[in-house]
Amino acid sequence: MGVIGRFFNLKEIFDKLNKEYFEGAISTEITWGRNVRNGRRYIRFGSYTERDNIIRIHPAIDQQFVPLYFIESIVYHEMLHKIVGANIENGRRRVHTSEFKKLERRFKDYERAREWEKKKVWSIPL
């Protein structure tokens, strides 16, 4: 699907966040993912695949009513996965470690994005 959606350009968002938060140090691809329905009302907004070094953002959030800061929070979250990686604890792979969560809260609109998610995420048509 590429980087340019109907309302958001993921490459522009990625480049802005990379400069603002990571001093341009993150090198990875970013793209809109496939619109996959799994029968549940849960939406996985984004993913980072280490093997392919790619961030995929769910195309359902490429909507005019979705605020830019929310999209940025998802891209920033996935960029952190590239930086922090995964830890193995008690034989389990953990990606949302305390270090990860601490860094995630550095995003300037973290609280605002989480509030919007709580109130509006159910209005995203899948």
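Let's start where two helices meet: H1 passes H2 in a right-handed crossing. This is a predicted model, and in it H1 spans residues 10–22 while H2 covers residues 68–84. Their axes come within 10 Å of each other and cross at roughly 60 degrees.

Which residues make this meeting? From H1 come Leu10, Ile13, Phe14, Lys16, Leu17, Asn18, Tyr21 and Phe22. Facing them in H2 are Leu68, Ile71, Glu72, Val75, Tyr76, Met79, Leu80 and Ile83. By character, the residues of this contact divide into 13 nonpolar, one polar and two charged.

Now stay with H1 and look at how it sits in the chain. Its buried residues are Leu10, Ile13, Phe14, Leu17, Asn18, Tyr21 and Phe22. They lie on the same side of H1, because they cover an arc of only 130 degrees around the axis. Turn to the other side of the helix and you will find Glu12 and Lys19 exposed. H2 is one of the partners of the buried residues, which also pack against strand S1 (29–32) and strand S3 (54–57).

The two ends of H1 are worth a visit too. In the segment before the helix lies asparagine 9. Is this residue buried or exposed? With a relative accessible area of 19%, asparagine 9 counts as buried, since the cut-off for that label is under 20%. Its side chain has polar partners at the start of H1: a side-chain oxygen of asparagine 9 reaches to within 3.0 Å of the backbone nitrogen of lysine 11. A polar atom of the same side chain also lies 3.1 Å from the backbone nitrogen of glutamate 12. Leaving aside neighbours within four places in sequence, asparagine 9 is in contact with Val3 and Ile4. At the far end, H1 is followed by glutamate 23, which has a positive phi, near 55 degrees.

Finally, step back to the whole chain. It holds four helices and five strands, and along the sequence these follow the pattern α-β-β-β-α-β-β-α-α. Of the 126 residues in the chain, 45% are buried. Among contacts in the chain with a separation of 6 or more, 68% are between residues 24 or more positions apart. The crossing of H1 and H2 that opened this tour fits in here, with residues 10–22 meeting residues 68–84.

Note on methods
Residues are numbered from 1 along each chain as its sequence is written. This is a predicted model: local features need pLDDT of at least 70, side-chain atom pairs count only at pLDDT 80 or more; totals for chains, interfaces and linings use all residues. Side-chain values use heavy atoms; hydrogens and water are left out. Axes are lines fitted to C-alpha atoms, for helices over the stretch in contact, and angles run from 0 to 180 degrees between N-to-C directions. A crossing is left-handed if the near helix is turned anticlockwise from the far one by less than a right angle, and right-handed if clockwise. Contact means heavy atoms within 4.5 Å. Ala, Val, Leu, Ile, Met, Phe, Trp, Tyr, Cys and Pro count as nonpolar, Asp, Glu, Lys and Arg as charged, and the others, Gly among them, as polar. Buried means under 20% relative accessible area, exposed over 50%, partly exposed in between (1.4 Å probe, protein chains only). A polar contact is a pair of N or O atoms within 3.5 Å; within protein, one must be able to donate a hydrogen and the other to accept it, and residues adjacent in sequence count only if both atoms are side-chain atoms. The arc is that of the directions from the helix axis to the C-beta atoms.
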